[in-house]
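Visitor: Could you walk me through this structure, taking its interior before its surface?

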Amino acid sequence: MMREIPKKALLAGISAIFAASPGAYAQSNTSTQSVSDNEISDIVVTARRRAESLQSVPVAITAITADVLREKAITTPYDLGNSTPGIVAATGSSQRNDVLYFIRGQGATFGSSPSVVTYFADVPQQTNSASGGSNITFYDLESVQVLKGPQGTLFGRSTTGGAVLLTPKAPSGEFDGFFEAALGNYSSREFTGAVNVPIFEDRLAIRVAGNYSYHDGFSKSLTTGQDLDDRDRSSYRISVLARPTDWLTSTTIFSDVNIKENGTASVLGTYEPNGVARRVVDPRLPGGSVITGSLLDTRVGAGILGVTPGVTEATASGYGYISVAGLCTNPGITALYAASGKSVANCINERIALINGVRASLDGEAARIAAGGSVRRLATTRPNFLRSQVQQLINTTELNFGELGFLGDTSFKNIFSTTRNLHSEVVREIQGGVGSGVVYNDLDVSNPNCTPTLCTGQVNVRDYGAGKNDWFDVWSEEAQVSGQIGGSHDWMIGYFTEHSNVNAYLNYPAIFQTLNGAFTVPAGLPGISTGYNRDYKSSQTGYFGQATIDFAAFGFEGLRLTGGYRYSVVKQSLLAVNALLPSTGVIVAPDNPAITTDDPIPASLKQTADSYTFSLDYKFSPDVMVYGTTRKGFKQGGINIQSILPAQNGVAAALPTFKPETVTDYELGIKADYNLGGIRMRTNLALFQADFSGLHRATSFFNGQTASNQIENAAKLRSRGLELEQVIRFTPAFTVNVNYAYLDAKFRSFPGVIVRPSDGAIIERSRTPITGAPKHKLDVAARYQYDAGDTGDFILAGNVSYQSRTSVSDDALFSLTPEEQSPYAIVNLRLDWNNIMDNAVDLSIFVKNLFNETYRTGAGNLVSSQLGTTPYVYGDPRVYGVQLRARFGRSAER
């Protein structure tokens, strides 16, 4: 029971509104403590790997319980981002399945490991979008928790931004379950159910949960008629709890996710097709100069501006024409065409026609959208699809040793997981027009309609088993020994290790069609972004320890000090094998003793990094705590898979490896529960600053056939701001939550310059907008409950979520047009009728994005690769529906 706060503590609580602390819902294994009707429920969390009250944890945490997830209709990561200040859910690699979380302005850049990791049952998840990525369906969960700031001292994979923890409901000793069905617009239908069966009291129990989710596409291709942005996936998990003795508990989870979807609509946004070939000179450029322009510009002209004497902006050749002419005058290509009875002019004309075909499509799309055409319509090259099935096995074993001398009450916990892909095949488009930007992942392609110089028509796709791996190709293990000394001093030591024998492309070549295949041989085929990886191995291993000292034992009541440290080792190695794509399909490049670049190329790295956390917290009273925390974290570096072979082939822009990204952050906070004029209040407020070094940023370059991507340690970033959670419980029936995040993020240094392809402008990289970092994010939620006796309980809930202007592209500087999302607000409403006529049946109606706001969740800038476009991915339109749930067993007694 909470007591009335003394005057001094009340003033401290009010001053907290202007001073310092984090968001409030919480972390792993949350539960609600018993409180009186008009008090705010406390939440028990495990942010520091032990059970604590949310209000006693000296870090910023947001946790959402199962009931709140349901009432706010949070079923996807994008729903979480739309209703939780301080976190942004963006679309990576132009694919909805590649969810990138940004916390305090820090997320992932294209191709890098995430700065915010998603955990399921304490296990870090895969980030490969072809495998469903982090776009996990939220069903039968105990809670969702958001940890803000660097993680790694106690949490698995080290990160610089934070972590999102999904905690599934565990088996228990009581018979329990539910079945739920929902129908809505876009022919949506979703079925979810769970049943918990105690086989032998609370010693052996099993819980089975499943979900099937379907809706028609939010978007449609104007050229193929295919629905895009659809959903068609099923998932189930089986959890088994075994507790043979009071000191031994083992929980095993098997899960399966099966996806059969058409993929994501990537709609033309920025369109800058014109860019003459020009030489730009600046001492800050690699080599002192660069020739750039737009590959979509095929004007014949008189030569290269800055190279060919007498050429002006008006008379210069388009960069696309110069690039094709350079290819066609290569002696090997000239000989190939001559053998087919063709001239250099034939080569140029055939290939320019391929580029012009793409440009005609993009011109038409740009005109349609400029005339007010719907962004839910687009032009595509061919039917797209995403098909994958992923299975995961997790075991958590806990042993309670009891009192072990000076170590205190001691326990051991081991978490093991392994994941396999049964299959994964993807065709997706990322440029916004016909004939270019088509990506083939884990598929082979061939074209029977080819001569030695030219292919016509679409390629055929074939599943050749690339999209699968075995158990133990990807696995992780975490072991912890922890204890509590004298009932007050907590400690933990342990290690975490994570291993993978497959890369993001499952070790097979990535195939990318650009500009109708104008730069491949024969022309008209897709190109190779990366070759084969043999003997691929990647691991991160960390050894950690942390302790909390309660100074109450030394006469300083309410004062605690926490310190933790982790040492990590990252290893990667592979053998890069060149791949070729003739008309018959992908092959390993044949050995040629005269060409050393055809030989397999080894690549490896070993990196070490340390992390730490220190915090000091003090409780003025049981209900008011202030704290200060500092942490250091890192995000691992790695091998740029798409850059190994180009670097060996002399492409100056290709960087084979990149180093770890590091961050040091500082946080001051206050957490206070108090009574103000008879109204129960909770104020959690945090002030923070994070300093990043070696910041990972994606760059792209043209490898001679198509665009390749890589990561570089590009910059230093400072991120600072505040986060507020204000709970106002006017009555037991009516509660308002106000959550606000303010963020000021800027580059402290970003050396170098970029050259804009369209006009040759030289721009300082320090002017790059920061993706996923809105200055203001606000969510106001209200909940009113009416008890109608035997008729049932009625709950009306709604929230308004506002986000200020934010950039959606790391490469926005390359474009003349700003690539950003304007300020917008989303309104969600839900009405629940629970315990209908005193039965364990609940009926709900809901609407998300009530006013059908159109907003961007991501972008894929290809202007930086001289391809002239940036397509956008858009968030969900207005969706509404009705949901019916039947509860049985323990849940029916609520």
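**Core, surface and one strand residue**

Guide: In this predicted model, the largest nonpolar core comprises 30 residues, and those with the most contacts inside it are Leu296, Val324, Ile348, Ile355, Leu515 and Phe519.

Visitor: Which helix gives the most to this core?
Guide: At least two residues of the core come from each of β18 (267-271), α4 (319-328), α5 (331-339) and α6 (344-370). With seven residues, the element that gives the most is α6.

Visitor: How many residues does the other core have, the one lying apart?
Guide: Ile74, Val99, Ile103 and Ala121 are among the members of this other core, which lies apart from the largest one. Its number of residues is 23.

Visitor: Is valine 882 buried, partly exposed or exposed?
Guide: Valine 882 lies in strand β53 and belongs to a nonpolar surface patch that also includes Phe179, Tyr784 and Leu884, the patch having about 990 Å² of accessible area together. Buried means under 20% relative accessible area and exposed means over 50%. Because the relative accessibility of valine 882 is 34%, this residue counts as partly exposed.

Visitor: With which side chain does the side chain of serine 250 make a polar contact?
Guide: Serine 250 is found in strand β17, which spans residues 248-261. Not counting residues up to four places away in sequence, serine 250 touches Val240, Leu241 and Ala242 as well as Asn395, Thr396 and Thr397. The polar contact, at 3.5 Å, joins the side chain of serine 250 to that of threonine 397.

Terms used. Residues are numbered from 1 along each chain as its sequence is written. This is a predicted model: local features need pLDDT of at least 70, side-chain atom pairs count only at pLDDT 80 or more; totals for chains, interfaces and linings use all residues. Side-chain values use heavy atoms; hydrogens and water are left out. Helices (H or I, at least four residues) and strands (E, at least two) are DSSP runs, numbered from the N terminus. A polar contact is a pair of N or O atoms within 3.5 Å; within protein, one must be able to donate a hydrogen and the other to accept it, and residues adjacent in sequence count only if both atoms are side-chain atoms. Contact means heavy atoms within 4.5 Å. Patches are made of residues with over 30% relative accessible area and no salt bridge: like charges are joined within 9 Å, nonpolar side chains (Val, Leu, Ile, Met, Phe, Trp, Tyr) within 5 Å. Accessible areas come from the Shrake-Rupley method with a 1.4 Å probe; for residues, only the protein chains shown count as cover. A salt bridge is a side-chain nitrogen of Lys or Arg within 4 Å of a carboxyl oxygen of Asp or Glu. Buried means under 20% relative accessible area, exposed over 50%, partly exposed in between (1.4 Å probe, protein chains only). A nonpolar core is a set of buried Ala, Val, Leu, Ile, Met, Phe, Trp, Tyr and Cys residues joined through side-chain atoms within 4.5 Å.
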